[in-house]
Amino acid sequence: MAFTIRPLDGGLGALEVGTGTVDGLQLLQAQAEFLSDERKRNLRYWLTDLSGVETSRTTRGQVLEMAETHAARQSSMPDVVLAIVARLEVTFGLTRMWQMHLDARGTLWETAIFRTRAEAEDWLRERMREKHGLEITLA
């Protein structure tokens, strides 16, 4: 699995792209490395595109660990709008499990899961306008 994460809109957002075989531990490591820079804690939006994922080796335990890690991170990154693109049924299901667990913890983040990147980008643009009064380019 290859995960890449890069800043968007001058650091206002981030784009995370996964391809190949999903491994939950690799995802957590990539996110931790990207967010180790304190300046990146000012993020307002995050787009995760898993449409290039072909298979998943992510376990239920890893999904719950990701949700716990993200719940703990929220106090330093409140008000993040997060869109996830999940094409495969298994990826969509695991992402939905993550979302439900995060919601149960009382999330500060607004999250949504989509089948296409175009839908996710449209939603992010709309939510950023409504929530933060910002126009984003996703570039």
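Begin by selecting the buried residues of helix α2, which are Q62, V63, M66, A67, H70, A71 and R73; bear in mind throughout that the model on screen is predicted. An α-helix has 3.6 residues a turn, so residues three or four places apart point the same way. With the side chains of this set displayed, bring in the surrounding elements, since what covers the buried residues of α2 includes α1 and α3. Helix α2 itself has 14 residues, and the distance from its first C-alpha to its last is 20 Å, close to the 20 Å expected at 1.5 Å a residue.

Next, add helix α1, residues 24-35, and keep α2, residues 60-73, in view. Two packed helices are described by the angle between their axes and the distance between the axes. Here the axes come within 9 Å and cross at roughly 20 degrees, and because angles under 35 degrees count as roughly parallel, α1 is described as roughly parallel to α2. The crossing of these two helices, α1 and α2, is left-handed.

Which residues of α1 and α2 meet? On the α1 side, select G24, L25, L27, L28, Q31, A32 and L35, and on the α2 side, select Q62, E65, M66, T69, H70 and R73. Colouring this selection by residue class will show six nonpolar, five polar and two charged residues in the contact of α1 with α2. Q62, M66, H70 and R73 belong to this contact and are also among the buried residues of α2.

From there, move to helix α3, residues 89-104, and pick out T95 within it. Is T95 buried or exposed? T95 has a relative accessible area of 8%, and because under 20% counts as buried, T95 is classed as buried. To see what surrounds this residue, leave aside the neighbours within four places in sequence and display L50, I84, A86 and I113, with which T95 is in contact.

Two backbone stops complete the tour. Select D79, in the loop between α2 and β4, the latter spanning 81-85, and inspect its phi, which is near 65 degrees, a positive value in a residue other than glycine. D79 is partly exposed, with a relative accessible area of 38%.

Then go to the segment after α4 (117-132), where L138 is placed. L138, too, is not a glycine, although its phi is positive, at about 60 degrees. With the surface switched on, consider that L138 counts as buried, at 10% relative accessibility, whereas D79 is partly exposed.

Conventions. Residues numbered from 1 in each chain as written. Predicted model: local features only at pLDDT ≥ 70, side-chain atom pairs only at ≥ 80, totals over all residues. Heavy atoms only, no water. Axes fitted to C-alpha atoms, helices over the stretch in contact; angles between N-to-C directions. Helix = DSSP H or I, 4+ residues; strand = E, 2+ residues; numbered from the N terminus. Parallel < 35°, antiparallel > 145°, perpendicular 65-115°, else oblique. Left-handed = near helix turned anticlockwise from the far one by under 90°. Contact = heavy atoms within 4.5 Å. Nonpolar A, V, L, I, M, F, W, Y, C, P; charged D, E, K, R; others polar. Buried < 20%, exposed > 50% of the residue type's maximum accessible area, 1.4 Å probe, protein only. Expected span 1.5 Å × (residues − 1).
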